[in-house]
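Student: Could you take me through one part of this model in detail? I'd like to hear how the helices there pack, and what lines the open space beside them.

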Amino acid sequence: LKESYREGAYVTRIIYILVVLFFLARLSHVLPHLGVQTTLEMWLALPSDIYKLLFHFWTPLSYMFLHVELSHFFFNLIGLYWFGRFFLNFFSQRQFLSVYLLGGFMGALFFILGFNYIPIFYKQASISYLMGASASIMALLWAITVYSPSTKTYLLFFGEVKIVYIAIVYALLDLSSLAALENNTGGHLAHIGGA
């Protein structure tokens, strides 16, 4: 494992980081039962509240590596592996890391701005947190889409599909979920920022 991490592509390294942080975050949920009033997500998740953000200034970076829910973690791992491998067909390792991080930072920016400047989200700003690699994954998907929109991939039940259609479907789902004010509004704002 150590050798595959050291010699692996950035996709592989980030997947290892996500896996380790996922298990540490899950284990940290035992701490409150032992009298310790903190969890890993309290330290690494991105708060939308500007005041909290001042005291957790590292979270615009750390949130994009943190997952707590199993399904969120699982689907982001699949998305990162799939779109990351696709991305590396066209771009370099260094460009992968740049797009991953920039997409995550843009997702954080949209999340913070959305909850602090869009009136309908004000009430949730003090209690909303963001975590997960989704914004970074959207950045990878849209980089591939803009660079080579006619690239095709095979989807189960659908057959061969152009990547541009996958990106458009994701964008429409995020926009429609914002309009419906679903419970993952922050995540959808971050996806749009990453895209």
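Tutor: Sure. Let's start with α7 and α8, whose axes come within 7 Å and cross at roughly 125 degrees. That angle makes α7 oblique to α8, and the crossing is right-handed. Keep in mind that this is a predicted model.

On the α7 side, the residues that meet α8 are Phe-96, Val-99, Tyr-100, Gly-103, Gly-104 and Gly-107. Facing them from α8 are Ala-135, Ser-136, Ala-139, Leu-140 and Ala-143. Sorted by class, this contact has seven nonpolar and four polar residues, with no charged ones.

Now turn to the other partner of α8, helix α6. The axes of α6 and α8 are 9 Å apart and the packing angle is about 30 degrees. The pair is therefore roughly parallel, and α6 passes α8 in a left-handed crossing. From α6, the contact takes in His-72, Asn-76, Gly-79, Leu-80, Phe-83, Gly-84, Phe-86 and Phe-87. From α8 come Ser-134, Ile-137, Leu-140, Leu-141, Ala-143 and Ile-144. Here the split is nine nonpolar and five polar, again with no charged residues. Leu-140 and Ala-143 are worth picking out on your screen: they are in the contact with α7 and also in the one with α6.

Next, α6 (residues 70-88) also packs with α2 (residues 10-28), at an angle of about 170 degrees and with the axes 10 Å apart. Those two helices are therefore roughly antiparallel. α2 brings Val-11, Thr-12, Ile-14, Ile-15, Leu-18, Val-19, Phe-22 and Arg-26 to the contact, while α6 brings Leu-70, Phe-73, Leu-77, Leu-80, Tyr-81, Gly-84, Arg-85 and Leu-88. Twelve of these residues are nonpolar, two are polar and two are charged. Leu-80 and Gly-84 of α6 are in this contact as well as in the one with α8.

That leaves the open space. The largest pocket has a volume of about 1,200 Å³, and 43 residues line it. His-72, Asn-76, Ser-134, Asn-184 and His-191 are the lining residues nearest its centre. Three of those names should ring a bell: His-72 and Asn-76 of α6 and Ser-134 of α8 belong to the contact between those helices. The largest share of the lining, eight residues, comes from α6. At least two residues each come from α6, α7 (93-117), β2 (129-130), α8 (134-147), α9 (163-179) and α10 (185-194). By class, the lining has 23 nonpolar, 16 polar and four charged residues.

How values were computed:
Residues are numbered from 1 along each chain as its sequence is written. This is a predicted model: local features need pLDDT of at least 70, side-chain atom pairs count only at pLDDT 80 or more; totals for chains, interfaces and linings use all residues. Side-chain values use heavy atoms; hydrogens and water are left out. Axes are lines fitted to C-alpha atoms, for helices over the stretch in contact, and angles run from 0 to 180 degrees between N-to-C directions. Helices (H or I, at least four residues) and strands (E, at least two) are DSSP runs, numbered from the N terminus. Angles under 35 degrees count as roughly parallel, over 145 as roughly antiparallel, 65 to 115 as roughly perpendicular and the rest as oblique. Contact means heavy atoms within 4.5 Å. Ala, Val, Leu, Ile, Met, Phe, Trp, Tyr, Cys and Pro count as nonpolar, Asp, Glu, Lys and Arg as charged, and the others, Gly among them, as polar. On a 1 Å grid over the protein atoms alone, a cavity is a set of points where a 1.4 Å probe fits but cannot get out, and a pocket is an open set with protein on both sides within 12 Å along at least five of seven lines; lining residues have an atom within 4 Å of a point. Grid points are joined across faces, edges and corners, and a volume is the space filled by probe spheres set on the points. A crossing is left-handed if the near helix is turned anticlockwise from the far one by less than a right angle, and right-handed if clockwise.
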